[in-house]
Amino acid sequence: MTAMERGYEEQAESAGSKQELEQIEIELLLNGVHRLYGYDFRNYALPSLKRRIWHHVHAENVPSISALQEKVLHDRACFERFVYSLSIPVTEMFRDPGLFLTFRQKVIPLLRTYPYIRIWHAGCSTGEEVYSMAILLHEEGLYDKARIYATDMNARSLQQAKEGVYEISKMKQYTKNYMEAGGTRAFSEYYTAKYNSVILQPYLRKNIIFAEHNLATDTSFNEFNVIFCRNVMIYFNDELRDHVHGLFHESLSRFGVLVLGSKESIHFTRFSDSYEPLDRVEKIYRKNQ
């Protein structure tokens, strides 16, 4: 073996050792968080999870994942920041307007036949899409007989959702989304501007129940006509994704509607035969058994 070959081999061994150490540190961190706080991130997709953990290592100004573990386990505030960084609250009102337009056209007629409507927004983040649904139901004359259950594992995001206060700089995009989603009024009717923020009208919150719920560890808590869970399960591995689909299947009433994100599908899960597509493009499915 030449000196160059030995050098390559040593580098490969070193890289392998670093990867193994990193994997051990991540497992210890996640096991510690689960045992101490009850939050289970162990079945999140590893590539994105690893990126977010390293991002938080740098944000906390600690030298390693092991050092982050020590801080997270001994400092509740650090743990809360850690959970917030892993939950990635990325959302906007009427995000992907085509989906809301399709919902208005294809799902609302079904909901009109129900005496009472229960909708679950799972992984609701800071609430923008929950209020979008409230507005849509209000315009279709269905809000008074509806209850929207908005859940997330992130307490900080839920608090913002409850307040219904958002940056005024986002209203131009939200207005555009609203119009493309089939909005029938002036979007400005739904909020009051104050300084650099807007406050959504109080009547939009009256039929929304906000609560903490962890899809990885918590169970079904009601029966729903619609479950809305968009671009959440892309961060889960196959095992956790299958678990969550089981939770949704259990929680949906017969002929209930499941709304997924554009990057997700019911196909290749053990529940694929339990649904029929209402819209293949927007990933809207109806439970048939």
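Buried means under 20% relative accessible area, exposed means over 50%, and partly exposed is anything in between, with a 1.4 Å probe and protein chains only. Keep that handy while you click around. This is a predicted model, where local features need pLDDT of at least 70 and side-chain atom pairs count only at pLDDT 80 or more, while totals for chains, interfaces and linings use all residues. Residues are numbered from 1 along each chain as its sequence is written, and side-chain values use heavy atoms, leaving out hydrogens and water.

**Stop 1: the whole chain**

Start zoomed out, with the protein chain as a cartoon. Its secondary structure comes to nine helices and ten strands; these are DSSP runs numbered from the N terminus, with helices being H or I of at least four residues and strands being E of at least two. The C-alpha atoms fill a box of roughly 75 × 50 × 35 Å along the principal axes.

Now switch on the surface. The accessible area is about 14,300 Å², and 51% of that belongs to carbon and sulfur atoms (Shrake-Rupley method, 1.4 Å probe; for residues, only the protein chains shown count as cover). Of the 289 residues in the chain, 49% are buried. For contacts with a separation of 6 or more, 74% are between residues 24 or more positions apart, where contact means heavy atoms within 4.5 Å.

**Stop 2: strand 8**

Select residues 252-260, which make up strand 8, and color Val257 within this strand. Val257 is buried, at 2% relative accessible area. Show what surrounds this side chain: beyond four places in sequence, Val257 touches Val107, Leu110, Asn225, Val226, Ile227, Leu252, Leu278, Ile284, Tyr285 and Arg286. For a sense of scale, draw a C-alpha to C-alpha distance from Val257 to Asn43: they are 214 residues apart in sequence and 26 Å apart in space.

Step back to Gly256, also in strand 8. How buried is Gly256 in terms of relative accessible area? The value is 0%, so Gly256 counts as buried. Leaving out neighbours within four places, Gly256 is in contact with Asn225, Tyr285, Arg286 and Lys287. Try another C-alpha distance here: Gly256 and Phe224 are 32 residues apart along the chain and separated by 6.9 Å.

Then pick Ser253 in the strand. Ser253 is buried too, with 9% relative accessibility. Setting aside residues up to four places away, Ser253 touches Glu223, Phe224, Asn225 and Lys287.

**Stop 3: two positive phi values**

Most residues other than glycine have a negative phi. Pull up the Ramachandran plot and look for Lys283, which has a positive phi of about 60° although it is not a glycine. Lys283 is in the loop between strand 9 (275-279) and strand 10 (284-287). Its relative accessible area is 15%, so Lys283 is buried.

Next, jump to Tyr195, in the loop between strand 4 (191-194) and strand 5 (197-200). Phi of Tyr195 is near 60°, again positive in a residue other than glycine. Is Tyr195 buried or exposed? At 75% relative accessibility, Tyr195 counts as exposed.

**Stop 4: helix 4 and its partners**

Two packed helices are described by the angle between their axes and the distance between the axes. Axes here are lines fitted to C-alpha atoms, for helices over the stretch in contact, and angles run from 0 to 180 degrees between N-to-C directions.

Select helix 2 (residues 46-59) and helix 4 (residues 76-87): they pack at about 140°, with axes 10 Å apart. That makes the pair oblique (under 35 degrees is roughly parallel, over 145 roughly antiparallel, 65 to 115 roughly perpendicular, the rest oblique). Show sticks for Leu49, Arg52, Ile53 and His56 of helix 2 and for Cys78, Arg81, Phe82, Ser85, Leu86 and Ser87 of helix 4, which make the contact.

Now swap helix 2 for helix 3 (residues 65-74), which packs on helix 4 at about 115° with axes 5 Å apart. Helix 3 and helix 4 are therefore roughly perpendicular. The contact is made by Leu68, Lys71, Val72 and His74 of helix 3 and Arg76, Cys78, Phe79, Arg81 and Phe82 of helix 4.

**Stop 5: Glu92**

Finish in the loop between helix 4 and helix 5 (97-111), where Glu92 lies. Glu92 is partly exposed, at 24% relative accessible area. Not counting residues up to four places away, Glu92 touches Glu128, Glu129, Gln173, Tyr174 and Asn177.
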